[in-house]
Amino acid sequence: MTMHENKNAFPAIRTVRSQPAGQRRNVRRVQAIAAWLSVAACGTAQATELTISWQMPDFPPAIIGSGPHKGTGYADVFLRYFIERTPDIKHAIEPSSMSRVFGLMRQGELVCEPSLIKTAEREQYVDFSDPVEFVLPHHVVLPVRLLPKLAPYRNAKGEVDMSKLVRDASLTTVRQEKRGYPPPVLSAFEAAAGQKNIIVSSDDGQAAFRQIATGWISYVVAYANEANWYARQLETPLKLAYVPIAGIPEYTIGYVGCTKSPWGKKVIQRVNEVVAKAGKRPPWVDAEAGFLDPEAAKRFEVIYARHSPFRHQK
């Protein structure tokens, strides 16, 4: 809070030399009370000032925390939009990791992350916003040459049954510990716990895509925009395909998440207020679409027109 000097803070109160002693004591009493009220008001304003520690894991293309494209992820775009519209809030942006984000939240540290998937487990210690992100969902991503191996596990719609795929010992994949998987994927991984073809890793997405490029693993469960992003970043001639997964919606919603607490609810309220005024197509939606390949981008627009959570906004 900025303090402004005011030599006549209380102009109605004046001391006069000719006043009797009793009157002078009354004046001093009034001055003391007024001064106390001023300090109390200032202290209250300082106590209610909102400060947000934004934890930013490097998770392209949602949050891009390094390299030449740093700060251009769609969650980065959202966060800049929010910060510009909340000048009364003090924002601190800190590089982080998903392990650190959830560790701090479980400990009750007051932090937020701008791009989270809502799960039942996370809701125990995270307050979530209304929908913020709208992206194409998780897919099975693999080299095009391995597509025929998925045939036994695909339904009439071409979707993969994850519960069957993970049981194929000839196909190796990675389960990323801190990733929020949709229920059919999570259930399949949990049922296959301990199998040698399911490698549990705390590494980021890029490591998994490098392992696909080198043939170390067969496939990874990831977002369509991740597949396109890493294919471009790794500059590999390897062509990747991504196949829809049975039992999950054709889109995924992302949320701002803050440590579950009265403070977290206050931050989430502000997020919801800002998003509600962002229009039918918030600027970060264009950023989301921009990370897709042309074919996926067309599908995104069809699905967005049908299911956008912002379609009723002005």
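Guide: A residue counts as buried when its relative accessible area is under 20%, as exposed when over 50%, and as partly exposed in between. The structure above is a predicted model.

Visitor: Is Cys112 buried or exposed?

Guide: The cut-off for buried is under 20% relative accessible area. Cys112 has a relative accessible area of 0%, so Cys112 is buried.

Visitor: Which residue forms a disulfide with Cys112, and is that residue buried or exposed?

Guide: A search of the whole structure finds one disulfide. In this disulfide the sulfur atoms of Cys112 and Cys258 are 2.1 Å apart. The link is right-handed, with 105° about the S-S bond. The partner of Cys112 is Cys258, and at 0% relative accessibility Cys258 counts as buried.

Visitor: How many residues apart are Cys112 and Cys258?

Guide: The disulfide joins Cys112 and Cys258. Cys112 is in strand β3 (residues 112-116), while Cys258 is in strand β11 (residues 252-259). The pair links distant parts of the chain, and the separation is 146 residues.

Visitor: How many helices and strands are in the chain, and what share of its residues is buried?

Guide: The chain holds 10 helices and 11 strands. It has 314 residues, and the buried share is 46%.

Visitor: Among contacts between residues at least 6 apart in sequence, what share joins residues at least 24 apart?

Guide: The count takes in contacts in the chain between residues at least 6 apart in sequence. Of these, the share that joins residues at least 24 apart is 75%.

Visitor: Why is helix α2 described as largely enclosed by the rest of the structure?

Guide: Helix α2 covers residues 74-84. Its buried residues include Tyr74, Phe78 and Phe82. Helix α2 is largely enclosed because, of its 11 residues, the number buried is eight.

Visitor: Which strands does β7 join by bridges?

Guide: Strand β7 (residues 173-176) runs parallel to strand β8 (residues 198-201), and four bridges join them. Among the pairs, Val174 has Ile199 as its bridge partner, and Gln176 stands opposite Ser201. Two bridges also join β7 to strand β9 (residues 219-223), again in parallel, with Thr173 partnered by Tyr219. The strands joined to β7 are therefore β8 and β9.

Visitor: Which helix belongs to the β-α-β unit with β7 and β8, and is the unit right-handed or left-handed?

Guide: Strands β7 and β8 run parallel. The helix in the unit with them covers residues 183-191. The unit is right-handed, and the helix is α5.

Visitor: How many salt bridges does a search of the whole structure find, and which residue pairs with Arg106?

Guide: The search finds 10 salt bridges. In one of them the side chain of Arg106 meets its partner at 3.2 Å, N to O. Arg106 lies in helix α3 (residues 98-106) and the partner in the loop between β3 and β4 (126-128), so the pair ties together parts that are 15 residues apart in sequence. The partner is Glu121.

Visitor: Are Arg106 and Glu121 buried, partly exposed or exposed?

Guide: Values from 20% to 50% fall in the class between buried and exposed. Arg106 has 46% relative accessibility, and Glu121 has 37%. Arg106 therefore counts as partly exposed, and Glu121 likewise counts as partly exposed.

Visitor: Which residue forms a salt bridge with Arg179, and where does that residue lie?

Guide: The closest N and O atoms of this pair, Arg179 and Glu226, are 2.8 Å apart. Arg179 lies in the loop between β7 and α5, so its salt bridge with Glu226 ties together parts that are 47 residues apart in sequence. Both Arg179 and Glu226 are buried. The partner is Glu226, which lies in helix α7 (residues 224-233).

Visitor: Which residue meets Arg281 in a salt bridge, and where does that residue lie?

Guide: The side chains of Arg281 and Glu301 meet at 2.9 Å, N to O. Arg281 lies in the loop between α8 (262-276) and α9 (283-290), so the pair ties together parts that are 20 residues apart in sequence. Arg281 is partly exposed at 33% relative accessibility, and Glu301 is partly exposed at 32%. The partner is Glu301, in helix α10 (residues 294-307).

How values were computed. Residues numbered from 1 in each chain as written. Predicted model: local features only at pLDDT ≥ 70, side-chain atom pairs only at ≥ 80, totals over all residues. Heavy atoms only, no water. Disulfide = S-S within 2.5 Å. Buried < 20%, exposed > 50% of the residue type's maximum accessible area, 1.4 Å probe, protein only. Contact = heavy atoms within 4.5 Å. Pairing = 2+ DSSP bridges. Right-handed = clockwise from strand over helix to strand, strands pointing away. Salt bridge = Lys/Arg side-chain N within 4 Å of Asp/Glu carboxyl O.
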